[in-house]
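Please lead me through this structure step by step, beginning with a pair of strands and moving outward from there. I am new to it and would like the parts explained in relation to one another.

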Amino acid sequence: AVVSTQSTGMTARLAEISNITDQSRVLDLGCGTGAPVLDIAVKTGASVAGVDIADGHIEMANEFLAKYRVQHPDVQAEFHAGSYFEIPDEVKALAPFTHVIMQTSIFYAHHRIDEVLDQVSSVLDPESGVLVTTDFLRKVPLSEVSEFLKMNSMSTVLSKEEMEAALKRNGLEYTGGEVLDSHCVKCNIAKREKVETIAPQQPESEKFAAKFRTREEFVRDGKISFQIVMTRKT
């Protein structure tokens, strides 16, 4: 599997902004194939765990882990198949975590945001736990983003104010972040052009190209914002 440098670069930024160190215990919800969070483990010395709903992703993550351990035998990492709506018991047994990261995954759960945040809150260190995500947040009325929702297979998308309220309901406090709109537009242009160039005849290519084009347009037009969202346990 090929891991996007955009993905690993963004994960590195999440680690930096949330101050992950060799004393940290990190849970990546929606970890994909695991390489980005493994990079965090190698670069910071943190212990990491990853959860993804796709069994195939977890298989690849464990393959990546085996390769990482050739050069980094002391890397502390494990991966488990499961959902962020119900974190697996074997992962809950590793709690509390100092950090939970969710990169390009939480926005698919805005329609069930309290379930996700309740799960996150339950495994975070009560003294210093940090949740850091990359998220799409709505800047206009919901009726104006119906095409965005359709093309991204999303039921809804929260505004920043709605997200802050959801965080508060679940024992979490918004502490800041970064607006990444320009980065998002550039990344989605690059992804769309790659799909259109490399695999223009494949059945799924136009679907992915349309999704990337929609993200690019809605963010560029100021209807949707792509942000790093930092929160802490209260």
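In this predicted model, strand E2, residues 47-52, and strand E3, residues 77-81, run parallel and are joined by five bridges. Within this pairing, valine 48 has alanine 77 of E3 as its bridge partner. Between the two strands the chain passes through H3, and the β-α-β crossover that it makes in going from E2 through H3 to E3 is right-handed.

These two strands belong to a wider arrangement, an open sheet of seven strands whose order is E3-E2-E1-E4-E5-E7-E6 and whose pairing is mixed. The edges are taken by E3 and by strand E6 (172-179), each of which has a single partner strand, so one side of each is left without a neighbour in the sheet. On average, and with direction ignored, neighbouring strands of this sheet are turned by 25° against each other.

Further along that order, strand E1 (residues 25-29) pairs with strand E4 (residues 99-103) in the parallel sense over three bridges, and aspartate 28 stands opposite isoleucine 101 in E4. Helix H7, residues 160-169, packs on the sheet, where it touches strand E5 (130-138), E6 and strand E7 (224-233), and the direction of H7 makes about 150° with that of E5.

The helix of the crossover also has a helical partner. Two packed helices are described by the angle between their axes and the distance between the axes. Here the axes of helix H2 (residues 35-44) and helix H3 (residues 55-71) come within 10 Å and cross at roughly 30°; since angles under 35 degrees count as roughly parallel, H2 and H3 are therefore roughly parallel to each other. Their crossing is right-handed, and the contact is made by Ala35, Leu38, Asp39 and Val42 on the side of H2 and by Ala61, Phe64, Leu65 and Tyr68 on the side of H3. Sorted by character, the residues of this contact between H2 and H3 comprise seven nonpolar, no polar and one charged.

Two details of the backbone in the loops complete the tour. In the loop between helix H1 (5-17) and E1 lies asparagine 19, which has a positive phi of about 60° although it is not a glycine. The loop between helix H4 (89-92) and E4 contains proline 96, and the peptide bond that joins alanine 95 to proline 96 is cis, with an omega of about 10°.

Key
Residues numbered from 1 in each chain as written. Predicted model: local features only at pLDDT ≥ 70, side-chain atom pairs only at ≥ 80, totals over all residues. Heavy atoms only, no water. Axes fitted to C-alpha atoms, helices over the stretch in contact; angles between N-to-C directions. Helix = DSSP H or I, 4+ residues; strand = E, 2+ residues; numbered from the N terminus. Parallel < 35°, antiparallel > 145°, perpendicular 65-115°, else oblique. Left-handed = near helix turned anticlockwise from the far one by under 90°. Contact = heavy atoms within 4.5 Å. Nonpolar A, V, L, I, M, F, W, Y, C, P; charged D, E, K, R; others polar. Pairing = 2+ DSSP bridges. Right-handed = clockwise from strand over helix to strand, strands pointing away.
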